[in-house]
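Colleague: Could you take me through one part of this model closely, with its neighbours? I would enjoy a connected account rather than a list.

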Amino acid sequence: MNQDQIEALEKAMNHFWNFNLSESENILLPHISKYPLFSLLYSDIAFVKSVLTETKEDYAEARSRISECKKLARGLQLSQKPLYLQQEKDEKKNGNGASATTTPGGPGSSLYTKAEYLISKLIYAETMIMKGVIEFKAQNNIKACIALKNSWKQYYQAFEIIKDLPSTFPIYNHLVSLANYGVGVFHFLVSVVPPQYMWLIEGIGFKGNRMEGLKEIKASSDSPNGIRTIMSKIALVLLHVFFFEDYKQSEPLIDQLIKQYPQGALIHYLSGACLRKQGKIKESTQSYSIACETSSQLKQLQLFIESELGYNEFLNLNWSSAEGYLAKFLSETTSSGFKAFIAYQLALCYEMQGNTEAATNSMKIIPTFVRKGFDFDEFSGRKSAKYLKQKGYREFDKSYLSASLLNEAHQFEESIKILEKSLEKRSEMTHDDIACAEYLLGSNYQLLGKKDEAKKYYLSSLSHEKQITSDYFIIPYCNVGLAEISFAEDKKSDCKNYIKKAKGYSANQYDFPSVLDWRVRKVAQLSNTDV
């Protein structure tokens with residue numbers, strides 16, 4: 001690519017991250033049939049749309065663009081490979097730079113051959129990643145695994161070459177950005193795969209290394225104006241916030257991204273999610289509102305963002321406000337994502353406003369939205385079945401709902417007040433009720449840093465284990481809470497025992513097993529305990 005084309009690509013990337021998707025496409029279109037980097041970004045736009053909307057039309061467009069990009073990249077890779085290998089052989093034989101005198105194109109032409117070979121190899125890997133994601137969403141898991149295996153092989157081969165290149169190498173920023181991002185994401189994600197599946201992952205050929213993965217993603221994010229530089233920064237934010245819970249590392253990155261892309265809907269969306277994770281609901285709502293304003297080019301993204309605004313109102317117990325956002329999402333969405341959970345939230349909004357009939361009708365449709373293997377869907381399915389069986393919510397159910405939402409919103413003291421008031425009527429409560437209330441009190445006190453109070457309530461909750469008839473989630477969750485506290489108190493033996501109890505519980509279905517598994521493995525790794 002010449003300088004004009006490099007500048008055009010950077011301009012298109014800037015429009016993409018500022019969510020001016022049509023402007024980005026207009027810049028890319030004249031170049032997509034010749035230059036793989038342009039074709040890749042053009043594919044990215046369709047891929048993002050298809051994953052969000054899940055419509056047949058958008059999936060077809062994404063598959064078409066990805067296929068064309070893959071064909072272009074693969075063709076360039078195969079055409080350049082013989083020349084690249086010959087040049088490498090000549091250079092080893094005669095010394096670096098010797099092939100420049102024998103290769104058409106004059107001095108330095110071997111560098112460009114190598115650059116084209118590597119960039120096409122990496123972009124081919126990127127297309128296989130996108131293909132794999134689409135196949136997973138279509139539940140074609142074997143096809144998805146094959147695509148990811150092929151992607152990993154291309155990434156790793158290119159990475160091994162690129163890590164030794166000088167920074168003056170042609171399109172170095174894009175090569176480093178792509179190679180480190182691809183290998184880093186694979187290394188990190190494979191490292192957090194549950195142990196029972198590790199044999200399969202390693203059998204396919206993937207390798208996990210968490211800290212190396214983090215280092216590689218960071219290297220990609222530091223590459224100036226690389227095609228995957230911003231994506232790598234977003235990946236770092238997600239890992240720091242949702243895996244390590246390290247907000248000091250993530251906040252400067254988010255601030256930098258917002259300053260660089262003030263109209264970036266996806267970045268403001270990310271900011272809203274990170275702020276909510278910290279319990280900063282007001283600030284989260286502000287970020288989501290900006291994301292909504294800047295996402296007008298993609299209605300489905302706006303609907304997802306509005307559902308997040310509804311979730312924030314839900315956490316603040318503003319039932320009527322939440323209802324408006326959630327009802328709009330369900331009536332207009334084209335995506336299957338989170339329909340079950342949002343229908344469940346909407347039903348609860350109706351219930352908490354005294355509209356039992358509307359709540360019941362909403363609960364009845366939830367099973368039609370439940371997707372097997374999706375935690376939020378299966379949780380919503382179990383809750384709707386329980387609601388319909390008992391024909392509504394009892395007073396304790398309503399109190400516990402409010403307390404659990406306040407816990408998620410980091411309003412721990414308010415949550416404790418509601419639970420303590422409920423327990424004043426202990427004689428009228430079932431074992432499940434008491435166990436749930438005491439579990440949530442333990443969680444509140446743990447998050448407030450009051451370990452002794454937390455332990456007392458966790459242990460009291462577990463004393464009801466044999467009498468529990470439906471709310472089995474409290475058993476593994478109390479145990480993982482006790483494991484985390486034991487680790488903080490340097491009680492290694494207790495920590496190990498609680499980890500085993502939490503990990504080993506499988507007698508009954510319980511809520512959000514993936515969240516539990518993540519917490520168990522995190523404390524197990526910190527304490528060097530095998531799970």
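Which residue follows α3, and is its phi positive or negative?

Modeller: Happily. The residue after α3 is Glu54, and its phi is positive, near 60 degrees. Most residues other than glycine have a negative phi, and most peptide bonds are trans.

A word on the ground rules. This is a predicted model, in which local features need pLDDT of at least 70 and side-chain atom pairs count only at pLDDT 80 or more, while totals for chains, interfaces and linings use all residues. Residues are numbered from 1 along each chain as its sequence is written, and side-chain values use heavy atoms, with hydrogens and water left out.

Now the helix itself. α3 covers residues 36–53; helices here are DSSP runs of H or I with at least four residues, strands are runs of E with at least two, and both are numbered from the N terminus. Its 18 residues should span 26 Å at 1.5 Å a residue, where the expected span is 1.5 Å times one less than the number of residues. The C-alpha atoms at its ends are 26 Å apart, so the helix agrees with that expectation. Of the 18 residues, 15 are buried, which leaves α3 mostly covered. (Buried means under 20% relative accessible area, exposed over 50%, and partly exposed in between, with a 1.4 Å probe and protein chains only.)

Next, the neighbours that pack against it. α3 and α4 pack at an angle of about 155 degrees, with 8 Å between their axes. That angle makes the two helices roughly antiparallel. Axes are lines fitted to C-alpha atoms, for helices over the stretch in contact, and angles run from 0 to 180 degrees between N-to-C directions. Angles under 35 degrees count as roughly parallel, over 145 as roughly antiparallel, 65 to 115 as roughly perpendicular, and the rest as oblique. The crossing of α3 past α4 is left-handed, a term for a near helix turned anticlockwise from the far one by less than a right angle (right-handed if clockwise). Among the α3 residues that meet α4 are Leu40, Ser43, Phe47, Lys49 and Thr53. The α4 residues at this interface include Tyr59, Glu61, Arg65, Cys69 and Leu76. Contact here means heavy atoms within 4.5 Å.

α1 (residues 3–17) also packs against α3, at an angle of about 10 degrees and with the axes 10 Å apart. These two helices are therefore roughly parallel to each other, and their crossing is left-handed. On the α1 side, Gln5, Ala8, Leu9, Ala12, Met13 and Phe16 make the contacts, and they meet Leu37, Phe38, Leu41, Ile45 and Val48 of α3. Ile45 is also among the α3 residues that meet α4. Phe19, in the loop between α1 and α2 (21–28), is another non-glycine residue with a positive phi near 60 degrees. Phe19 is buried, at 2% relative accessibility.

Back at Glu54, there is a partner from further along the chain. Lys137, in helix α5 (residues 109–137), touches Val51, Glu54 and Tyr59, leaving aside residues up to four places away in sequence. The C-alpha atoms of Lys137 and Val51 are separated by 8.3 Å, although the two residues are 86 apart along the chain. At 37% relative accessibility, Lys137 counts as partly exposed.

Finally, the charged pairs. Side chains of opposite charge can pair when their charged atoms come close. Counting a salt bridge as a side-chain nitrogen of Lys or Arg within 4 Å of a carboxyl oxygen of Asp or Glu, the total is 31. In α4 (residues 56–94), Arg65 and Glu61 sit four residues apart, about one turn of the helix. They form a salt bridge with the closest N and O atoms 2.7 Å apart. Arg65 is buried at 11% relative accessible area, whereas Glu61 is partly exposed at 34%. Away from this region, Asp397 pairs with Arg394, the closest N and O atoms being 3.0 Å apart. Salt bridges that share partners join Glu25, Lys49, Glu61 and Arg65 into one network. Lys49, Glu61 and Arg65 appear again among the residues where α3 meets α4.
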